[in-house]
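Here is a friendly walk through one model, taking helices and sheets first and then a few backbone details. Please keep the viewer open as you read.

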Amino acid sequence: MPEMISLEEARQLVLSKVRPLPIESVPLHDAVGRPAAADLASDIDISPFAHSAMDGFALRADQIAGASEESPVELDVIAEVAAGDVFEGEIGEGQCVRIMTGAPLPEDADSVVKYEIVGVVNGEGKPGGRVSFSAPAKMRSNVREAGEEARAGEVVVRVGEVVGSAGVGFLAGCGVTSVPVHRRPRVAIVSIGSELVEADQVPSRGKIRNSNAHALAACASAAGAVAVRLPIVEDSLEALQAQIKRCASEYDFVVTSGGASNGDFDFIKPAIQGAGELLMATVNMRPGKAQAFGLVDGTPVFGLPGNPAAAYLGFEMLIRPALRKMQGFSNFERPCVRARLAGDFKKKDPRRIFLRSTLTRADDGSYVVTPAKNQSSGLFGVIQRSNCFAVMPEGLESREAGSLVECILLDVSEDVAI
């Protein structure tokens with residue numbers, strides 16, 4: 001196992017050890033935001049019949065081909081057809097049918113003239129009355145054709161396509177009421193540290209609240225997984241190894257935080273190695289160089305650092321992509337934009353640095369990124385007030401104000417193209 005690997009190597013390693021989970025069928029509304037695990041087809045033509053796109057009068061375009069302001073054409077209104085009704089009669093010479101939006105187009109009509117531009121001669125434009133047309137109509141104007149959106153048997157959502165809110169309506173119209181999707185991964189969230197107490201307790205001297213478990217559970221949920229927070233594990237190799245073994249048998253992915261470095265009470269690496277196979281220990285990134293990853297009984301186990309920002313960054317860069325792959329997503333990286341640095345940045349660490357930052361737009365429309373003043377890896381509040389990571393590449397090259405840097409957007413889905 002190499003001493004330290006690049007972020008790209010680490011991501012590829014983690015992704016190579018996971019695969020999409022088994023397929024389940026969920027009700028249509030529960031499929032929102034999830035990739036379809038199979039092609040979905042319509043059972044009928046959409047729309048199943050040609051219908052009017054607006055309220056107006058159905059006729060044949062050649063009936064009013066010579067209509068003008070100076071020489072309007074008058075037609076008798078012989079019937080009215082509402083949405084849900086069908087006109088079974090014939091439209092003879094000098095006749096038309098009043099029609100409502102969504103109503104089927106009569107068989108011998110080929111166009112609809114909208115109500116607002118039709119003159120009423122008598123009868124208020126209703127059956128038995130007479131109307132006038134002062135302009136010709138284009139063939140098939142204001143008509144929504146049968147099969148305009150889909151044909152019976154046509155695939156309307158392809159495997160891997162993420163179902164959106166509009167997609168739910170589309171699929172419902174196509175007769176699809178349940179969607180095959182990959183099962184959401186169940187993720188065990190385990191915090192390590194004898195100094196930790198639960199969030200509802202007031203910590204005594206030397207103790208701190210377990211904030212990591214809540215943040216990482218929220219990260220897992222935001223990635224589409226089902227997160228389960230488990231009890232705090234004390235700083236003990238035996239206790240940690242036993243918990244990891246239990247979790248590996250019950251969950252699809254195990255995430256721990258704390259104990260990832262090389263101190264006397266840092267046990268996640270030997271725990272993974274003792275229970276299974278340790279594949280990775282350090283990544284060339286800051287914060288969060290210590291990133292332990294391995295397999296225990298075939299289940300991925302990831303040991304994040306205890307510092308909040310380091311744990312959050314490790315989850316975003318390495319665990320989130322894996323959880324998305326397990327659900328059938330195909331895009332694994334957050335969108336990036338290039339932005340002008342608001343101030344000078346002196347680089348003193350050769351690792352790739354991810355600065356918690358705020359991205360804004362300047363008056364000229366360009367992006368400006370302002371790193372937070374406090375970049376301590378022990379802070380969650382800074383991340384809460386940030387919307388991106390400004391990336392400082394490997395090496396010791398500093399950046400002056402106005403330099404262009406890559407910014408990873410934290411509040412934009414991987415599926416968004418920017």
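Helix α1 (residues 7–16) lies across β18, β20 and β21, and runs at about 160 degrees to β18. Contact here means heavy atoms within 4.5 Å. Angles run from 0 to 180 degrees between N-to-C directions, with axes fitted as lines to C-alpha atoms, for helices over the stretch in contact. Helices (H or I, at least four residues) and strands (E, at least two) are DSSP runs, numbered from the N terminus.

Before going further, a word on the source: this is a predicted model, in which local features need pLDDT of at least 70 and side-chain atom pairs count only at pLDDT 80 or more, while totals for chains, interfaces and linings use all residues. Residues are numbered from 1 along each chain as its sequence is written, and side-chain values use heavy atoms, with hydrogens and water left out.

The strands under α1 belong to an open sheet of six strands with mixed pairing, in the order β16-β13-β17-β21-β20-β18. Two strands pair if DSSP finds at least two bridges between them. At the edges stand β16 (226–229) and β18 (277–282), each with a single partner strand, so one side of each has no neighbour in the sheet. On average, neighbouring strands of this sheet are turned by 20 degrees against each other, direction ignored. Helix α4 (residues 237–250) also lies across strands of this sheet, namely β13 (186–191), β17 (253–257), β20 and β21, and runs at about 165 degrees to β13.

Within the sheet, β20 and β21 run antiparallel and are joined by five bridges. V296 stands opposite T299 in β21. The loop between β20 and β21 holds D297, whose phi is near 55 degrees, a positive value in a residue other than glycine.

What does α1 meet besides the sheet? Its axis comes within 9 Å of that of helix α6 (residues 308–326), and the two cross at roughly 30 degrees. The two helices are therefore roughly parallel to each other (angles under 35 degrees count as such). From α1, the contact is made by L7, A10, R11, V14 and L15, and from α6 by M317, L318, P321, A322 and K325. These residues divide into eight nonpolar, no polar and two charged.

Now to strand β25 (residues 388–392): five of its five residues are buried, so the strand is largely enclosed by the rest of the structure. Buried means under 20% relative accessible area, exposed over 50%, and partly exposed in between (1.4 Å probe, protein chains only). Both faces are covered, with C388, A390 and M392 buried on one side and F389 and V391 buried on the other. Strand β23 (residues 352–361) pairs with β25 in the antiparallel sense over five bridges, and I353 stands opposite M392. Strand β26 (residues 404–409) runs antiparallel to β25 and is joined to it by four bridges, with L409 as the bridge partner of C388.

Two cis peptide bonds are worth a look:

| Cis peptide bond | Omega |
|---|---|
| I46 and S47 | about -5 degrees |
| R286 and P287 | about 0 degrees |

S47 is in the loop between β2 (40–41) and β3 (51–52), and P287 is in the loop between β19 (285–286) and β20 (290–296).

Like D297, with its positive phi, E124 has a positive phi, near 60 degrees. E124 is found in the loop between β8 (118–122) and β9 (130–133). Are these residues buried or exposed? E124 counts as exposed at 59% relative accessibility, and D297 counts as exposed at 54%.

How values were computed:
Angles under 35 degrees count as roughly parallel, over 145 as roughly antiparallel, 65 to 115 as roughly perpendicular and the rest as oblique. Ala, Val, Leu, Ile, Met, Phe, Trp, Tyr, Cys and Pro count as nonpolar, Asp, Glu, Lys and Arg as charged, and the others, Gly among them, as polar.
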